[in-house]
Amino acid sequence: AVDDYEKLLKYYDVHETIGAGGFAKVKLATHIFTGEKVALKIMNKESHGDDLPRVKTEIDAMKNLSHQNVCRLYHDTKKIFMILEYCPGGELFDYIIEKDRLTEDETRMFFRQIVSAVAYIHSQDYAHRDLKPENRFIDGDQNLKLIDFGVCAKPKGGMDYHLMICCGNPAYAAPELIQGKAYIGSVADIWSTGVLLYALMCGYQPFDDDNVMLMYKKIMRGKYDMPQMIQVDPKRRITVRHLLNHPWLMQGYSCPVEWQNCVTEMSVFYKWSKGSTLHLLSKWDYDQTTATYLLLLSKKSHGKPVRLMRSSAFGE
Ligand SMILES: O=C(Nc1ccc2c(c1)CCNCC2)c1ccc(-c2cn[nH]c2)cc1OCc1ccccc1
């Protein structure tokens, strides 16, 4: 690990430690060639590397996920050091605490980003399984970034495959998950996202109790009439697709939540498979495909919707 660290110092200036958790500590760093700030996550010695499946799960997942609301992994060295997207806003959890609770408009602004990230990872056949405010960081432009894919699942049999492992924070865990039943990861993610929405709006969790068993009873009871996300019956729970254009989420916005990243947006727009889109892009022919992709990236970096239109519907 020491020589790995030495190698890292050729490319990054490492600064102070800003956070330390169970598995790792996080230091601020600067990527020397670009001058861009990054976060350096260092796995703890004893729990380092591949003998901890969680680290491998997290790194493999982050390598397959590229989205404006998912924290980017830029570089990993043999599962000990991870160079990650810089999120100076810290945890959404702390943000809610210090603001007590958010206005409806601010909640909607954040929640659209939360739903966008969930829709995207589900479209890539990943279920996060530990969605909570602590796993959302705010970057320098008030964008939310989803982190911690340590317990995520990419079921071999696709998203309808039933999972068994019970994981995540009980306060955000779906009823079917805490009952130890076989559950569908993406459906359980919707429950957690519903609990998160409640916490954003109210400043406290819907099902809370110091006694975990009493909390479980509250979760099982459901306690709300006409719920769509914290719906106890997983079969009747709203799907993320229906969330994207839910009236409450559309209020004040002209369009449904964009969840595609640039490649998926292009493949849908051109009606190409993801594979051939990636192939055409990797040729860098500097033809209209290259232009479309680079201009879409530029739109995204300026916080504009990651969307392509056939007609000149963008006005001026
Ligand atoms: O960039 C990150 N954090 C971060 C960077 C700068 C600042 C702050 C925080 C807040 C504290 N004041 C200084 C400004 C940052 C990025 C990615 C990840 C990460 C991605 N997968 N796993 C971890 C973790 C990060 O941090 C952890 C943290 C540190 C202090 C508090 C809150 C959170």
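What follows is a short chat about reading the sheets, helices and ligand site of a predicted model.

Visitor: Let's begin with the five-strand sheet. In what order do the strands sit?

Guide: To read a sheet, you ask which strands pair with which; two strands pair if DSSP finds at least two bridges between them. Here the order is β1-β2-β3-β5-β4, the sheet is open, and the pairing is antiparallel.

Visitor: Which strands stand at the edges?

Guide: Those are β1 (12–20) and β4 (73–77). Each has a single partner strand, so one side of each has no neighbour in the sheet. As you go from one strand to the next, the twist averages 25°.

Visitor: How many bridges join β1 to β2?

Guide: Six bridges, with β1 and β2 (residues 24–31) running antiparallel. For a spot to find on screen, look at Asp-13, which stands opposite Thr-30 in β2.

Visitor: And the helices, which strands does α2 touch?

Guide: Helix α2 (residues 53–64) packs on this sheet and touches β3, β4 and β5, with its direction at about 140° to that of β4. Helix α1 (residues 2–11) lies across β1, β2, β3 (37–43), β4 and β5 (81–85), and runs at about 115° to β1.

Visitor: Now the ligand. How many residues surround it, and which are the closest?

Guide: For a shell like this, a residue counts if one of its heavy atoms lies within 4 Å of the ligand. That gives 14 residues, and the closest are Ile-18, Lys-41, Glu-85, Cys-87 and Phe-137. With the ligand taken alone exposing 620 Å², the protein buries 78% of that.

Visitor: Where do the shell residues come from, and what classes are they?

Guide: β1, β2, β3 and β5 each supply at least two of them. By class, 11 are nonpolar, one is polar and two are charged.

Visitor: Which atoms of the ligand do Lys-41 and Cys-87 approach?

Guide: For Lys-41, a polar side-chain atom lies 3.1 Å from a ligand nitrogen atom. With Cys-87 the backbone takes part: one of its N or O atoms is 2.8 Å from an oxygen atom of the ligand.

Visitor: What about the sheet with three strands; what is its order?

Guide: Same reading method: this open sheet goes β6-β7-β8, with antiparallel pairing. β6 (90–91) and β8 (144–146) are at the edges with a single partner strand each, so one side of each is left without a neighbour in the sheet. Two bridges link β6 and β7 (residues 136–138), and Gly-90 has Ile-138 as its bridge partner in β7. Helix α4 (residues 104–123) packs on this sheet, touching β7 and β8, and its direction makes about 30° with that of β8.

Definitions and conventions. Residues are numbered from 1 along each chain as its sequence is written. This is a predicted model: local features need pLDDT of at least 70, side-chain atom pairs count only at pLDDT 80 or more; totals for chains, interfaces and linings use all residues. Side-chain values use heavy atoms; hydrogens and water are left out. Helices (H or I, at least four residues) and strands (E, at least two) are DSSP runs, numbered from the N terminus. Axes are lines fitted to C-alpha atoms, for helices over the stretch in contact, and angles run from 0 to 180 degrees between N-to-C directions. Contact means heavy atoms within 4.5 Å. A polar contact is a pair of N or O atoms within 3.5 Å; within protein, one must be able to donate a hydrogen and the other to accept it, and residues adjacent in sequence count only if both atoms are side-chain atoms. Accessible areas come from the Shrake-Rupley method with a 1.4 Å probe; for residues, only the protein chains shown count as cover. Ala, Val, Leu, Ile, Met, Phe, Trp, Tyr, Cys and Pro count as nonpolar, Asp, Glu, Lys and Arg as charged, and the others, Gly among them, as polar.
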